[in-house]
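Work through the exercises below with the structure in view. Each task is followed by a worked solution.

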Amino acid sequence: MAKKILWLAPLALVLVGVAFWSAGGGTSSQQYLIGDPQGDWGFPSPFAHNPRGPGYLRVSFLFDTLVWKNAEGFIPALARAWEYQESPPAYVFHLREGVVWHDGKPLTAGDVAFTIDYLTKHPHPWVDIRPIKQVEVTDPYTVRLVLSQPYAPFLEEIAGTMFILPRHIWEQVQDPARFQEPRAAVGSGPYTLAEYRREHGFYRFAAFGQYYLGKPTAPEISFVQVGNELVALKGKAVQAATVPPEAVQELKDQGFTVLSQPHFWCLKLLFNHAKFPQQDLAFRRALAHALNLPDMVSQTLRGQGLPGSPGLLPPDSPWYHSPQTTYPYNPEAAASWLASLGYQRTPEGWQRHGQVLQLEVLTAPPYARAAEYVKKSLQAIGLKVNLRQLDHAILDQRVKTQQFDLALSGHGGLGADPKMINDLSMGPLAAEFLGGYQPPQEFIRLLTEQLYTLDESKRRQLVARVQEQLAQELPAVPLYYPTWFLGHDGRVPWFFTRGGIAKGIPVFFNKMALLPGPGLSGSP
Amino acid sequence: MSRVLGYLLVLIFILGLNFALPRLLPGDPLTALVGEQDLIISPEYRQELQQRYGLDQPLARQLVVYVDHLVQGDLGYSLYYQAPVAAVMGSALLWTALLCGVSFVISTILGAWLGVELAVQRRQSWAAALVGACLVLESLPGFLLGMALLLVFSLKLGWFPFFGAVDIMPQLNRPAAFGMGVLRHLILPALTLVLAELPGVALLVRASLLKVLAAPYVLGARARGLGEARIKYRYQARNALLPLITRLGLRFGMLWAMALPVEVVFAYPGAGQLLFQALLKRDYPLIQGLLLVSILAVLMGNALAEWGYRWADPRVGSQA
């Protein structure tokens with residue numbers, strides 16, 4: 001036996017030796033790594049990135065837009081100033097002079113005009129440029145965008161989201177998604193692409209010395225795939241990562257800075273509006289009264305979140321209105337609404353015309369606890385309910401094709417321009433977001449009006465009425481908005497962008513936090 | 001020749017299955033691509049995507065295009081990663097081959113040795129304790145084992161890196177430093193897989209060795225005065241290895257599957273993790289490419305097992 005142990009000893013020594021040789025493999029002070037469990041979000045060019053938020057975010061370090069946002073709202077970016085002209089409706093952007101692309105060539109109004117023309121031929125998931133009727137380049141640094149009609153979300157949806165492309169590079173590109181050479185990452189943003197390794201989800205950006213707002217304070221910033229964000233952060237292998245609520249105090253005790261962000265993601269209970277009784281308002285109200293949302297937050301999120309508002313937008317949205325129509329927890333009211341539909345409570349469940357009402361709730365693994373809570377709540381008022389857990393893609397498709405009774409599904413973007421409510425309430429997309437809900441004419445009128453109202457106070461009133469209408473109609477029950485946290489080493493003054501980055505990406509990594517000089521972040 | 005024909009028929013069947021299986025999955029790639037209602041994409045953009053990826057074509061047409069491209073060595077274009085499938089999965093396959101290969105070799109050699117010792121020393125108390133430990137280790141999920149190793153060796157002791165397969169620091173990209181980086185990143189995931197795989201091998205070898213410990217040819221060898229070590233390894237172990245060799249091909253496939261959670265825990269950029277993502281995203285071309293390679297690997301494993309079987313037991317060759 002002793003001999004065998006002696007044989008194994010060299011093996012153990014090699015292992016320990018390699019480990020000690022490896023000591024000091026942490027990140028250097030130059031490096032700033034942001035951990036992300038997903039990893040790869042596509043090549044960081046405006047057309048090759050993954051269409052979801054993190055893909056766009058990575059490109060935003062390389063490419064700039066006409067305007068951008070900080071913690072307070074819109075700030076100048078490539079355009080030093082802009083103005084709105086009423087007749088015909090148009091925005092005039094005055095570009096900064098002396099702005100150069102990463103390859104040293106100057107950026108002019110011709111590049112802006114080219115970008116819009118290019119986007120008409122090659123649609124982009126983030127920018128719908130149809131509201132632009134005409135583009136006029138009045139001088140090398142002035143561009144006038146004439147709109148087909150007044151369009152309130154213009155700054156957020158187009159000017160603040162559309163990456164301006166270098167004409168001298170992209171004019172020859174026929175297939176923009178497959179254009180993934182280093183030249184495809186040449187933009188006018190504060191960083192240049194130093195390295196991209198798909199398999200490691202690794203993006204290394206180097207500060208661009210000629211950036212028009214000054215060279216970024218962090219010489220390098222990188223995103224990298226990690227297995228466990230919390231472990232990597234605690235081990236200082238990364239400098240910033242999303243962390244779970246239960247780790248917040250421990251991280252603070254260890255000297256990390258932990259930030260909580262506004263609640264721009266919502267979990268909803270969806271109804272299939274093609275089926276009875278879900279299509280009936282009385283039924284939806286019955287279910288809303290059967291759910292104790294503050295208790296649900298306390299039990300399923302350990303209190304780390306906010307209960308849903310029936311008007312959809314969360315209390316920390318810039319457009320939030322507290323609806324007068326609310327659905328406090330009230331099982332008696334729930335029973336009464338069910339009875340109003342002709343259902344009778346029996347020991348087997350709620351019956352109508354001799355048939356017991358049976359409901360299936362579709363859910364996905366991340367919502368397992370919420371789904372259990374919903375099931376118990378509905379069973380508590382006597383409904384027969386069973387849960388079916390599916391993966392996201394299947395759940396989304398079942399909802400889209402209206403093959404469900406009830407479903408739990410979530411989405412983000414709640415901090416974005418209220419145009420988002422139009423997108424998810426009207427047209428073909430309503431099937432995906434609100435279970436095929438058909439809004440009444442008055443609601444459609446309100447939604448359309450708010451889109452074309454430029455006066456902000458008037459628009460605010462309209463958006464408040466939209467939320468009130470949503471609360472009354474209750475096409476879906478917003479259940480909760482979870483609280484998300486960012487842990488970081490405090491080196492970069494990260495701040496949360498008003499409404500989320502660009503058109504509502506709910507993360508902290510706004511490039512303005514990396515720029516020198518006060519005032520760019522707009523944070524207090 | 002008939003064996004080659006058999007493998008060829010299997011391959012044709014697999015190609016058809018490979019095309020059909022991803023498409024039988026509920027859910028469509030475009031919905032999965034933009035995420036769980038994370039992004040509102042316009043119908044125009046959706047249509048553009050469908051055209052770009054040929055998803056608007058009838059299934060028969062898609063099959064013809066798939067086979068046509070495959071014959072030309074083109075595995076297609078990944079919907080999610082927006083890159084050629086070969087480029088996306090090439091490096092991932094290499095990393096998984098390295099991880100699984102190293103774990104396979106170590107777990108097979110150490111497991112076989114341990115199995116022999118456990119059988120020969122079966123009356124020792126430490127052998128009984130080790131059998132118990134093997135049973136516990138075998139029942140532990142790989143990700144749990146990996147997580148425990150990560151917490152102890154990376155977080156507490158700081159000996160090994162937390163994620164990835166190489167050092168991402170550019171100044172360490174010299175060949176020697178690169179090699180050391182690969183080794184350091186490999187140790188914990190490989191150790192996880194070895195710990196997960198070794199007990200099964202050891203228990204299998206132990207069980208089959210117990211049957212031949214007192215076989216007449218062992219008695220004969222002892223009567224001829226051969227050394228115990230020679231009897232143990234040349235006579236007893238060689239005969240007891242047959243079930244292990246039979247399972248070689250299958251074991252490699254299973255190891256591939258076991259690597260998935262380990263790759264996730266260590267963010268090891270392997271093919272298991274890639275396949276998992278491809279399945280979630282309904283990335284048909286990438287699923288097809290990865291499945292094809294996996295199936296070819298298993299077929300190759302089976303062929304190797306057949307060859308190994310003949311080496312270990314010459315009677316198999318003479319009977320064929």
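**Exercise 1.** Check the length of helix 1 of chain B against the span expected for its residues.

Solution. Helix 1 covers residues 2-24 of chain B, which is 23 residues. Helices here are DSSP runs of H or I with at least four residues, strands are E runs of at least two, and both are numbered from the N terminus. The expected span is 1.5 Å times one less than the number of residues, so helix 1 should span 33 Å. Its end C-alpha atoms lie 32 Å apart, which agrees.

The model is predicted: local features need pLDDT of at least 70, side-chain atom pairs count only at pLDDT 80 or more, and totals for chains, interfaces and linings use all residues. Residues are numbered from 1 along each chain as written, chains are lettered from A and ligands numbered from 1 in written order, and side-chain values use heavy atoms, without hydrogens and water.

**Exercise 2.** Is S154(B) buried or exposed, and what does its side chain reach?

Solution. S154(B) sits in helix 7 (residues 142-156) of chain B. Its relative accessibility is 2%, so S154(B) counts as buried (under 20% relative accessible area; exposed is over 50%, partly exposed in between; 1.4 Å probe, protein chains only). Its side chain reaches the backbone oxygen of P161(B) at 3.1 Å.

**Exercise 3.** Which strands of chain A pair with strand 7 of chain A?

Solution. Pairing requires at least two DSSP bridges. Strand 5 (residues 90-95) pairs with strand 7 in the antiparallel sense over five bridges; V92(A) has R144(A) as bridge partner. Strand 6 (residues 132-139) also runs antiparallel to strand 7, joined by six bridges.

How values were computed:
Polar contact = N/O pair within 3.5 Å; in protein donor to acceptor, adjacent residues only side chain to side chain.
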